[in-house]
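This report covers the contact between two chains and the enclosed space in the protein. Please view the sequence and structure below first.

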Amino acid sequence: MSNAKDTKPPALPQRILLRFLRDDLAEEVSGDLEEKFYSTLKEKSLFQARLNYWYQVIHYLRPFAIRNAWSSNKNSFSMYRSYFKTAYRNMVKNKLHSFINITGLSVGMAVAITIGLWIWDELSYNKDHEHYERIAQVIQNVTNNGEVQTWRSIPYPLAEELRKNYGSDFREVALSTQLFDRLFDAGEKKVNRPGLFAEPSLAQLLSLTMVKGTRDALKDPSSILISFATAKASFGDADPLNQTIKLDDEIALQVGGVYEDIPENSTFAGTAFIAPWQALLNNTDWIRNMHDPWRPNAFVLFVQLADHASFTTASEKIKYAKLNKVNTELAKKKPELFLDPMNRWHLYSEFKDGKNAGGRIRYVWLFGVIGGFVLLMACINFMNLSTARSEKRAKEVGIRRAIGSLRTQLIAQFFSESILMALLALVCSLLLVQLVLPAFNAVADKQMSLLWTSPVFWLLCLGFSLFTGLIAGSYPALYLSSVGSGSALKGVVKAGGAAVIPRKVLVVVQFTVSVVLIIGTSVVFRQVQFAKNRPLGYESSGLLAVPVSYVPEIHKHFDVVKAELEKNEAIVAMAEASAPTTGTWSSSSGFDWEGKDPNLSVDFPVFSISHDYGSTIGWEIAKGRDFSREFLSDSSAVILNEAAVNFMGLQEPVGEILRWNGQAMTIIGVASDMITTSPYDPVKPAVYFLSNGPDNYAILKINPRTSAAVAIARIEETFKKFSGDQPFEYQFIDDSYAKKFGNEERIGTLSTYFAVLAIFISCLGIFGLASFVAEQRTKEIGVRKVLGASIFDLWKMLSGDFVLLVVFSCTIAVPIAYYLLNEWLEGYQYRTGIPLWICVAASLGTLAITLTTVSFHTIQAARMNPVKSLRTE
Amino acid sequence: MIETRLGDFEEVILLIVGILGEDAYSFRVAEEFESQTSRSVSIGAVHSTLNRLETKGFLTSKMGKATAERGGRRKRIYTITAYGKRILAASRDFKVSLWSQYPGFAGKLNVAGPDA
């Protein structure tokens, strides 16, 4: 009680109380509380009295005592109508400004929506399978000379082994072949269709939705499940059940069921049929009569976990399931099995040194970040321009205040204006997305559509628009409305440094992102070009690969076919091979040679080829000679590539003996390295040998004097003479080689679009800002002109600020881009560098674009008649 | 619809208003309640109840005098209406009739409590 000031009731809770309390209760309540305070003070400490005051205030938060904010303004409808009317008039008055604002934001939103859809699509991959969370593929890590490789294929007895000895962890174990094209004969026309031979449990595991028949039909080795699309294509409207289908010309099966097409975003998309594994086994000699079935890794194995099991514990248990069964030679490779869960197949598909190394998830992140940034930039512009513009409306605010507008009404007005703009932008962006989605789908290789019916999508879109609107409107709404009506009327409202600095930061952020994107795009294309320019090692133009594995007649009449095609000038050369030059289809570990380190484990891709193969594809023999018909001993000879010679460490390879599964083969020549797998990887050691039977592919070199279309027609005609009704298919080697760049090119194209859009949005922003600055400084420009400044001086003055900002952005962007791209390039064995000139060019380009944009306004402002500009206001 | 039944807390508050007579305003009612029942109560809770009782028509109120210890602010004085008195009487009669029907305590109505 000593100090009267101290013993007053605390001020803060009092203010809070009056804030929420009904006005008519204010007097009595604050009186009561003050009385309570003093009466408490008599008995207890000051602290307790204050605490009690707080307690009492909080206990006044009761419905009866709280002021009702909404009931006071009964005329809100016409109020809002007036807000919208003002907003509309303002937009129409500043057409250019509104246009820039809405376009920028809607382009940004459109980019974000598109990328959002893409990410959503990527993330929902495989999710249509009911047991998505419980399915895994059994894959293995093998060690080859200290290097750990991850193989997705396994030997087939592993399925039985897992079922028998590790069965408690798995609900289903399903062995399957990989998805291959098979000759599919439904009675009328033979076509190639992709399909699987799999154990019956696969149908359960994939939770196939049956249209007709049952999943169990697969248990019968003489029946087959086909997809709905296949059924339609093969039998039309007729009942497909129990129809006969012949696969690969030898396996006849009855349709036992029709399943709904597996969705596009599934690993199993496009599976036209699933035939019983037993049928393949019964009809395929090499599988049944295999010397050591644990040796070839030619099949894939899927499991569904039992309810109690987890991926890690099951992986741990089966780790050595293969090692315990294989022979000593293969045991050297230390195969370790583990489970790769279905939810990681698509996005985390790459393995390095036996550990997961990501995969497409990189691109999900990359595009996510880009989308986020583009959207951020668009929002920044929107806010920047709205804020800059609102300063011009200080007078309007002044008049509104003078005639009695409440602050809350002004806030509501500015907010409703910016939210209206944001919603308009949303509508535009949705239209835009709808328009560009088909094109985007083509580039991204997807089938996406707007999720019109998804509430989450709408919630996100609307939520985001409201958020942007609120943020963009917050400066005028909260700041301008707080200015006194007098100063507002005088028009002296100027945002000080506090408002200019964030604006500059925002411009810098925008241009940094743009420059990073430009550099990134250039480097992606450079890398693609670099890999494309890599010497192939053979002549790919005009080279044609025709699968002939089902048509032994071609092999039988090889010379006749060749002679006829050469005679009618369709081709200049023809040979046979086990694989097209763009792939390796088989590899072997059974090689041995003199001086081989006994611990060295080898795995060479092998190619069986016919005579003339070399001259057909135009390879180069670096040492020794090509296969020749003149040497009968060539049937036990091999040609190595240079990589193999280096790997084996042979000084004089020609004449050396290479033992293959015990059989001695003479090395007669060395061919230069050819790229057969990824153009980004080093060439693997390869072994070429002469085949003694029919091979998988006929390789033809089209006569350069004949057009490709004519040549193909003639080839088909000739082939059909011998192959009868077998489908004639072909691939151009240079086409299939170009497909190897698909992924990188796709990313390049997409990031080009994004970079262009980013620059576009940044320029829109800076364009708007320049117009604003020029307008604000009209008088200054007038005075300077009167005092003798030239147009060039003024232009320099007005543009200088922006140039400085862009230069600053570039210095930030270049190191960021360098760091990120280096990281990306690390992923490629064969890669280009990041030359400085790309960074310089990107920076200069951005600068040039900025200057052009800004100059549009600055020159206009500088050329204005000073009499006019001085008279403004 | 206005609720016309009387809750337990409401009944006590109504009685206290009657006891206090001319001095019945939120703060005093809360103090009286605490001293009579030795239960603590916030002024807000009492005020809310008084307000409700007024809506139900058991109380009327008018602004009274200002005093120095409340910073010169006036207080709202509550008075029981005739309707309020009737409700209180009805409530008492109803309980008495219940008590008289309870065999264990029939005829012992003047006993202060069951454990006395």
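How much area do chain A and chain B bury between them, and what share of it is on carbon and sulfur atoms? The answer is about 1800 Å², with 47% on carbon and sulfur atoms. The model is predicted.

## Chain contact

Chain A puts 20 residues into the contact, and chain B also puts in 20 residues. Three glutamates stand out on chain A. Glu27(A), Glu28(A) and Glu35(A) supply 33% of the area that chain A buries against chain B. No other three residues supply more.

Which helix gives the most to the side of chain A that touches chain B? It is α2(A), with 12 residues. Both α2 (26-43) and α3 (46-58) of chain A supply at least two residues to that side. By type, the residues on this side of chain A split into 7 nonpolar, 6 polar and 7 charged.

## Polar and charged pairs

There are 6 salt bridges between chain A and chain B. One of them joins Arg70(B) to Asp32(A). The closest N and O atoms of that pair are 2.7 Å apart. Polar contacts between the two chains come to 15 residue pairs, with both residues at pLDDT 80 or more.

## Largest cavity

A probe the size of a water molecule, rolled over the atoms, shows where empty space is left. Here the count is 4 cavities of 30 Å³ or more. The largest has a volume of about 270 Å³.

This cavity is lined by 19 residues. Closest to its centre are His97(A), Ser386(A), Arg393(A), Glu417(A) and Met421(A). Five helices of chain A give two or more residues each to the lining: α4 (76-93), α5 (95-123), α14 (361-390), α16 (407-444) and α17 (455-479). The lining divides into 7 nonpolar, 9 polar and 3 charged residues.

## Second largest cavity

How much space lies in the second largest cavity? It holds about 100 Å³. Its lining consists of Trp118(A), Arg360(A), Tyr363(A), Phe367(A), Ala444(A), Asn743(A), Arg746(A), Ile747(A) and Leu750(A).

Two helices of chain A, α14 and α26 (742-776), each supply at least two of these residues. The most come from α26(A), which gives 4 residues. By type, the lining of the second largest cavity has 6 nonpolar, 1 polar and 2 charged residues.

Technical notes
Residues numbered from 1 in each chain as written. Chains lettered and ligands numbered in written order. Predicted model: local features only at pLDDT ≥ 70, side-chain atom pairs only at ≥ 80, totals over all residues. Heavy atoms only, no water. Contact = heavy atoms within 4.5 Å. Buried area = accessible area lost by both parts, 1.4 Å probe. Salt bridge = Lys/Arg side-chain N within 4 Å of Asp/Glu carboxyl O. Polar contact = N/O pair within 3.5 Å; in protein donor to acceptor, adjacent residues only side chain to side chain. Nonpolar A, V, L, I, M, F, W, Y, C, P; charged D, E, K, R; others polar. 1 Å grid on protein atoms, 1.4 Å probe; cavity = no way out; pocket = protein on both sides within 12 Å on 5 of 7 lines; lining within 4 Å. Points joined across faces, edges and corners; volume = space filled by probe spheres on them.
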